[in-house]
Amino acid sequence: MAAKADDAMQDYALVIHGGAGTITPDKLTPELEASIRADLTKALEAGEAVLKAGGKALDAVTAAIQVLEDSPNFNAGKGAVFTHEGKNEMDAAIMNGQTLEAGAVAGVTNIRNPITLARAVMEKSPHVMLSGKGAETFGAENGVTIVDPAYFHTDFRWQQLQKALAEGKTALDHDIEYKFGTVGAVARDKSGHIAAGTSTGGMTNKLWGRIGDSPVIGAGTYADDRSCAVSATGHGEYFIRKTVARSICALMEYGGMSLKAAADKVVMDELKPMGGDGGIIAVDAKGNMAQVFNTPGMYRGKVGAKTPLNVAIYGDDQ
């Protein structure tokens with residue numbers, strides 16, 4: 001199922017997501033749904049404030065994702081899931097569509113907002129991706145907020161791990177009773193530049209330092225002013241194999257496809273048949289927006305110079 005893309009050129013645009021999966025009204029209490037919608041709205045407002053003031057797409061993406069990372073309602077930052085060893089290991093990436101610079105981190109355990117560390121890697125190091133202890137050391141040396149790993153502990157996520165351990169399985173968010181997922185944002189600023197960012201806690205009960213698509217440039221995150229900016233959420237192994245984010249951009253750049261058509265082709269026609277559940281958000285340099293997913297729902301929101309702020313959860317939400 002896919003939401004319509006916007007057709008009008010607009011000075012700025014912002015799209016966010018908080019995960020895709022089996023999200024139906026019976027899975028959420030009214031209180032939880034209201035809380036999720038409020039957090040999505042808050043993230044959009046934070047990012048739009050940057051764009052309205054003439055700020056950069058990178059800053060808007062960072063601001064929106066930080067709000068979502070600070071909420072326990074999503075599988076990123078404060079709401080990150082637990083690994084098999086009972087730890088929270090987080091991944092994040094950010095990309096500048098103007099310069100093609102990118103930064104990513106994987107397996108960090110004490111970074112309050114992993115998206116800020118990914119950005120520091122992009123702007124303050126000669127590398128694209130850092131992992132584990134090395135990434136954490138780099139963050140501490142570059143002023144990124146460090147917290148005790150206990151900060152990320154939530155009882156809800158801990159119980160999810162206990163259930164997964166008892167059943168002997170590694171659980172994707174859409175395999176569990178409630179869906180809380182990877183977060184991401186894409187934006188187009190008034191200068192016509194675009195950016196993308198993604199942040200996640202990965203999979204419940206994940207083993208061996210598993211890393212998904214979110215920090216992999218071209219798979220879960222990609223941005224290029226010549227085509228589009230994409231942030232993905234879903235079964236990361238499939239998104240990596242299909243290089244989902246870059247594939248959507250390539251269909252636009254080399255195939256002349258529209259943003260919506262390119263996203264539909266990859267998410268609906270290619271990912272879905274091979275079992276790749278999930279979705280993407282995207283924006284192009286004209287401010288067109290897309291929210292495409294092959295699952296029953298996706299936490300999402302959008303706002304633009306000509307697009308009223310809107311948040312949605314279920315497949316039939318507009």
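Me: In which sense do strand 12 and strand 13 pair, and over how many bridges?
Reply: This is a predicted model. Strand 12 covers residues 297-304, and strand 13 covers residues 307-314. G297 of strand 12 stands opposite Y314 in strand 13. The sense is antiparallel, over five bridges.

Me: How many residues lie in the hairpin that joins strand 12 to strand 13?
Reply: The two strands pair in the antiparallel sense. A hairpin links strand 12 to strand 13. The number of residues it runs through is two.

Me: What is the mean pLDDT of the protein chain?
Reply: Of the chain's residues, 94% reach 70 or more. Residues 1-6 have a pLDDT below 50. Beyond near neighbours in sequence, that stretch still has 26 contacts in the model. The mean for the protein chain is 93.

Me: How many residues of strand 3 are buried?
Reply: Strand 3 spans residues 90-96. One side holds M90, A92, I94 and N96, and these are buried. The other side holds D91, A93 and M95, also buried. Both faces are covered, and the count is seven of seven.

Me: Which residue in the turn between strand 3 and strand 4 has a positive phi?
Reply: Strand 4 covers residues 102-108 and pairs with strand 3 in the antiparallel sense over five bridges. M90 stands opposite V108 in strand 4. The two strands form a hairpin with five residues between them. A phi of about 65 degrees belongs to L100.

Me: Which residue of strand 7 stands opposite I94?
Reply: Strand 3 also pairs with strand 7, residues 194-200. The sense is antiparallel, over six bridges. Opposite I94 in strand 7 stands G197.

Me: Why is the pair of F74 and Y299 edge-to-face?
Reply: A search of the whole structure finds three aromatic pairs. The ring centres of F74 and Y299 are 6.2 Å apart. Planes over 60 degrees apart count as edge-to-face. The pair qualifies because its planes stand at 80 degrees.

Me: How many residues apart in sequence are the parts that F74 and Y299 tie together?
Reply: F74 lies in the loop between helix 2 (57-69) and strand 3. Y299 lies in strand 12. Both residues are buried. The pair ties together parts whose separation in sequence is 225 residues.

Me: Which of Y151 and F152 is buried, and which is partly exposed?
Reply: Y151 and F152 form an edge-to-face pair, 4.9 Å centre to centre, with 80 degrees between the planes. Buried means under 20% relative accessible area. Y151 has 22% relative accessibility, so it counts as partly exposed. The residue at 0%, and therefore buried, is F152.

Me: Over which ring does the charged end of K78 sit?
Reply: Another charge lies over a ring elsewhere: R241 is over the face of Y238, at 5.2 Å from the ring centre. For K78, the charged end is 4.7 Å from the centre of its ring. That ring belongs to Y151.

Me: How many disulfides does a search of the whole structure find?
Reply: A disulfide is a covalent bond between the sulfur atoms of two cysteines. C228 is buried, with a relative accessible area of 0%. C249 is buried too, at 0%. The number of disulfides found in the whole structure is zero.

How values were computed
Residues numbered from 1 in each chain as written. Predicted model: local features only at pLDDT ≥ 70, side-chain atom pairs only at ≥ 80, totals over all residues. Heavy atoms only, no water. pLDDT = per-residue confidence, 0-100. Contact = heavy atoms within 4.5 Å. Buried < 20%, exposed > 50% of the residue type's maximum accessible area, 1.4 Å probe, protein only. Helix = DSSP H or I, 4+ residues; strand = E, 2+ residues; numbered from the N terminus. Pairing = 2+ DSSP bridges. Phe/Tyr/Trp six-rings, centres within 6.5 Å; stacked < 30°, edge-to-face > 60°. Lys NZ or Arg CZ within 6 Å of the ring centre and 35° of its normal. Disulfide = S-S within 2.5 Å.
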